[in-house]
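I opened my notebook for this one and jotted down what I looked up, entry by entry. Pull up the model and follow along.

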Amino acid sequence: MRSFLLLILVCNIFFISGCTKIDNTTLGAGLIPAVDNVNTFETELEVVANNYDTLNCTTIYPADNHVLGYISNDPYFGKTTAGIYTELKPSFPAVLPGNAAERRLDSIVLVLSYNGAYGDTLSSQKVDVYQLNTSGFKFDSSTCSNQTHDQVLLGSKIFTPAALKDSVHGFRENSNKQLRITLDNAFGETLLKKDSNSIYKSNAAFKDFFAGFAIVPDTLFGGNAVTYYNLPDTNTKVVFYYKYPLSSSADTTVAVNFRFTDSSASANPISHNREGAEINNHLQHPSAGDDVVYIQTAPGTFALLQIPGLDTLSNRIVHRAELVMQQVYSTSSLDANFIPPNYLYLEIKGSDTTFTPIPCDFTTLTGTPGVSALGGFKKDAIDVFGNTVSQYTFNISRYVQKIVTNGITNYTLKLSAP
């Protein structure tokens, strides 16, 4: 996720005026040689910035990393709770090895493919697995909606996020980066004793019998981190270990996997509790703007930016215009866990609910959005006190040029961490 903490200084926009446009120059001395009576000037414009809390969900697609866990002590943003709802099932029609009546379960394990963590990865936390309610959880369900689940506990796991990257040696399997949760044997026996003409004859029949899993953090247990999982990866599965036939004394243990398929639904509800959080002191939207902005990875917080000075700027040729954000240095020990995101994103505000790419500067090359040209990637910088902080720079030269030359709209900008 993706990171959950960023505290940024009030933004400044810099642009260089002169006679020719050079896209690959950088700010500083010697940007453009003063020859042929051509001079380059640097101008700084004030940016008015205000913080906003995301009220609606952010779409998380099935192929995206899904977030699971509980952050209990983030002084800037408060508490975060994230659960995963998913369907793991066989391909249909399914035929399990052996006769249904003679299958004898050894164990059933839910496995999630681990793909990183954010927060205090050395603190233990607990997750519980429940059975989802059979109604409403569909393939086209909103990925961020709150689903309901039956109060049937299928399994629990206490783990330390830092240990999830370790190797796992299971039955005929050597792997790593797995969260393994042993489920209730009675639940496994119920699925194992069904024959191919019942719940395994079609996707609809299986779904009517079992809608899926709700994997949720135990907030009473505690924890201060979230972990990320790849659902379509082959490392994510429900694996049945069982033997057949019952009359055999030989070791006939088999492993059968149910996986995330093309017809599997998924949801990743993420909720925040801002009680006592510092950001509550910065959500009043003063007309003069806030002195700092707080950016929490979506679905989190964002900032709206206005640059009034662009409306009265005279026509000129812009060599380079940059929007620069710098992290506020903190001595808090928690900053070692809640690190800044790897990149930020800048777009324009069309309405209260619609946002579109920056005109002219968010170009598309060979079908790929020009994120690298726009910028916003985290880099190290030194602040005025000599501290190493993170800095983010956006190149919006063409957009600024169109405003001062062609009079296009000077839009409100949105700064976020997708």
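**Aromatic pairs.** I began with the rings, bearing in mind that this is a predicted model. My search came to 15 aromatic pairs. I picked Phe206 and Phe258 for a careful look: their ring centres are 5.9 Å apart and their planes stand at 80 degrees, so I logged the pair as edge-to-face. Phe206 belongs to helix α2 (residues 203–209) and Phe258 to strand β17 (residues 254–258), so this pair ties together parts that are 52 residues apart in sequence.

Are these two rings buried or exposed? Phe206 has 2% relative accessibility, so I put it down as buried. Phe258, at 1%, is buried as well. I then noted that both rings belong to one aromatic cluster, made up of Phe92, Tyr200, Phe206, Phe240 and Phe258.

**A lysine over rings.** Next I checked for charges over rings and stopped at Lys414. Its charged end sits over the ring of Phe302, 4.7 Å from the centre. The charged end of Lys414 also sits over the ring of Phe355, there at 4.3 Å from the centre.

**Salt bridges.** I turned to charged side chains, with a reminder to myself that those of opposite charge can pair when their charged atoms come close. How many salt bridges does the whole structure hold? I found six.

Asp53 and Arg274 form one of them, with 2.9 Å between the closest N and O atoms. Asp53 sits in strand β4 (residues 48–53), while Arg274 is in the loop between β19 (270–273) and β20 (292–294), so the bridge ties together parts that are 221 residues apart in sequence. I looked up the cover on each partner: Asp53 is partly exposed at 24% relative accessible area, whereas Arg274 is buried at 10%.

Another bridge joins Asp218 and Lys126, at 3.6 Å from N to O. I placed Asp218 in the loop between β14 (213–217) and β15 (224–230), and Lys126 in strand β9 (residues 125–132), so here the parts tied together are 92 residues apart in sequence. Asp218 is buried, with 17% relative accessible area. Lys126 comes out at 22%. Why do I call Lys126 partly exposed? The cut-off for buried is under 20% and exposed starts over 50%, so a value of 22% falls in between.

I also wrote down Lys89 with Glu87, whose closest N and O atoms are 3.5 Å apart. Lys89 is buried at 1% relative accessibility, and Glu87 is buried too, at 3%. Following the links onward, I found Glu87, Lys89 and Lys207 joined in a network of salt bridges.

**A nonpolar patch.** On the surface I marked Tyr343, Val371 and Phe377, which form a nonpolar patch with about 240 Å² of accessible area together. Tyr343 lies in the loop between β22 (317–326) and β23 (345–349). Its relative accessibility is 37%, so Tyr343 counts as partly exposed.

**The whole chain.** I finished with the totals. I counted four helices and 29 strands. Of the 418 residues, 50% are buried. The accessible surface comes to about 19,200 Å², and carbon and sulfur atoms hold 50% of that. Among contacts with a separation of 6 or more, 80% join residues 24 or more positions apart.

Notes:
Residues are numbered from 1 along each chain as its sequence is written. This is a predicted model: local features need pLDDT of at least 70, side-chain atom pairs count only at pLDDT 80 or more; totals for chains, interfaces and linings use all residues. Side-chain values use heavy atoms; hydrogens and water are left out. Helices (H or I, at least four residues) and strands (E, at least two) are DSSP runs, numbered from the N terminus. Buried means under 20% relative accessible area, exposed over 50%, partly exposed in between (1.4 Å probe, protein chains only). Contact means heavy atoms within 4.5 Å. Accessible areas come from the Shrake-Rupley method with a 1.4 Å probe; for residues, only the protein chains shown count as cover. Rings of Phe, Tyr and Trp (its six-membered ring) pair if their centres lie within 6.5 Å; planes under 30 degrees apart count as stacked, over 60 as edge-to-face and the rest as tilted. A charge sits over a ring if NZ of Lys or CZ of Arg is within 6 Å of the ring centre and within 35 degrees of the ring normal. Patches are made of residues with over 30% relative accessible area and no salt bridge: like charges are joined within 9 Å, nonpolar side chains (Val, Leu, Ile, Met, Phe, Trp, Tyr) within 5 Å. A salt bridge is a side-chain nitrogen of Lys or Arg within 4 Å of a carboxyl oxygen of Asp or Glu.
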